[in-house]
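Please work through the following exercises with the sequence and the coordinates at hand. Each exercise consists of a task sentence and a solution that proceeds in steps.

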Amino acid sequence: MPRILTDYRLYDTETRRLLSLCGTLGNLEVVHQKLVAEIVLLRLFSLFENFVSSLAAKIACGSTYVDGTTPVLLFRASSMKAAKTSFQTHGRTRPKYQLQWSKASEIKENVINVIDQGDNLVTVVDRNGTLIDELRRVRNKIAHNNAQSRSKYREIVKRHYGAYMNHVTPGMLLLAPRFQPPLIEQYIRQTRIMVKDMARA
């Protein structure tokens, strides 16, 4: 039986490393601090997406949460591969060919016919939808920087500054001294709490 604890420990270890890296940014030139902060954010979101997709598949296989509680399933898969296939096809009139895990709504839609919507995974995702969305918007601005990502990123700047300021790049936002600790550290710590709740660790 696949173990959720393995995924949780990996996430815990990798995000501790990111926090440690953030603690050394003051040794760099300011321009490099911002660049590294953006890379850390990209890494953080990638870790989160990988964790959620693996956690969902293990739950669908019948794995218990870290604390020993049993997930509430609508359908049980026989393997990790079968779990991913079940997210794409089980209970659907049309297959969902591409599974994405970057929005709360996507996560819930992926598992809707396999994991009960009252299960812990779904309720934690629901509770943290705003955080997941904020991380995704900052990530997309860094990774894509197209018209759509810029438009959605503006809302995050407004949320934190009260108005949109064109000069506030993701690197500046993540390290702005007006936020203590800096947002990049807050994001890491908040996702660590969210992932711990998801895994019931």
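**Exercise 1.** Decide whether Arg17 is buried, partly exposed or exposed in this predicted model, and then follow its salt bridge to the partner residue.

Solution. Begin with the solvent accessibility: Arg17 has a relative accessibility of 53%, and because the exposed class begins over 50%, Arg17 counts as exposed. Next, look for a carboxylate partner, which turns out to be Glu14, with the closest N and O atoms of this salt bridge 2.7 Å apart. Then place the two residues in the chain: Arg17 and Glu14 both belong to helix H1 and are separated by 3 residues, about one turn of the helix. Finally, classify the partner: Glu14 has a relative accessible area of 14%, and since buried means under 20%, Glu14 is buried.

**Exercise 2.** Find which other salt bridge Glu14 forms, and state where its partner lies.

Solution. The partner is Arg43, and the closest N and O atoms of this salt bridge are 3.2 Å apart. Glu14 lies in helix H1 and Arg43 in helix H2, 29 residues apart, and the pair thus links distant parts of the chain. As for accessibility, Arg43 has a relative accessible area of 35% and is therefore partly exposed.

**Exercise 3.** Examine the salt bridge between Arg192 and Asp12, and explain which parts of the chain it ties together.

Solution. Start from the geometry, in which the closest N and O atoms of Arg192 and Asp12 are 2.9 Å apart. Arg192 is located in helix H9 (residues 183–199) and Asp12 in helix H1 (residues 4–22), so the salt bridge ties together parts that are 180 residues apart in sequence. Both Arg192 and Asp12 are buried. Extend the search from this pair, and a network of salt bridges emerges that links Asp12, Arg16 and Arg192. For the whole model, the count comes to 13 salt bridges.

**Exercise 4.** Determine how the buried residues of helix H4 are arranged around its axis, and what they pack against.

Solution. First list the buried residues of helix H4 (residues 104–111), which are Ala104, Glu106, Ile107, Asn110 and Val111. Viewed down the axis of H4, these buried residues fall within an arc of 165°, so they line one face of the helix. Then identify the packing partners of these buried residues, namely helix H2 (30–60), helix H3 (80–89), helix H5 (120–127) and helix H6 (129–143).

**Exercise 5.** Describe the surroundings of Gln33, setting aside its neighbours within four places in sequence.

Solution. Gln33 lies in helix H2, and with a relative accessible area of 19% it is buried. Once those sequence neighbours are left out, Gln33 is in contact with Leu25, Gly26, Leu28 and Leu175.

**Exercise 6.** Inspect the backbone at Pro181, Asn145 and Arg200, and report the feature that stands out in each case.

Solution. The peptide bond that joins Gln180 and Pro181 is cis, with omega about -5°, and Pro181 is found in the loop between helix H8 (170–175) and H9. Asn145, a residue other than glycine, has a positive phi near 50°; Asn145 sits in the loop between H6 and helix H7 (147–161) and counts as partly exposed at 37% relative accessibility. Arg200 likewise has a positive phi, near 55°, in a residue other than glycine; Arg200 is found in the segment after H9, and at 33% relative accessibility it counts as partly exposed.

Key
Residues numbered from 1 in each chain as written. Predicted model: local features only at pLDDT ≥ 70, side-chain atom pairs only at ≥ 80, totals over all residues. Heavy atoms only, no water. Buried < 20%, exposed > 50% of the residue type's maximum accessible area, 1.4 Å probe, protein only. Helix = DSSP H or I, 4+ residues; strand = E, 2+ residues; numbered from the N terminus. Arc of directions from axis to C-beta. Contact = heavy atoms within 4.5 Å. Salt bridge = Lys/Arg side-chain N within 4 Å of Asp/Glu carboxyl O.
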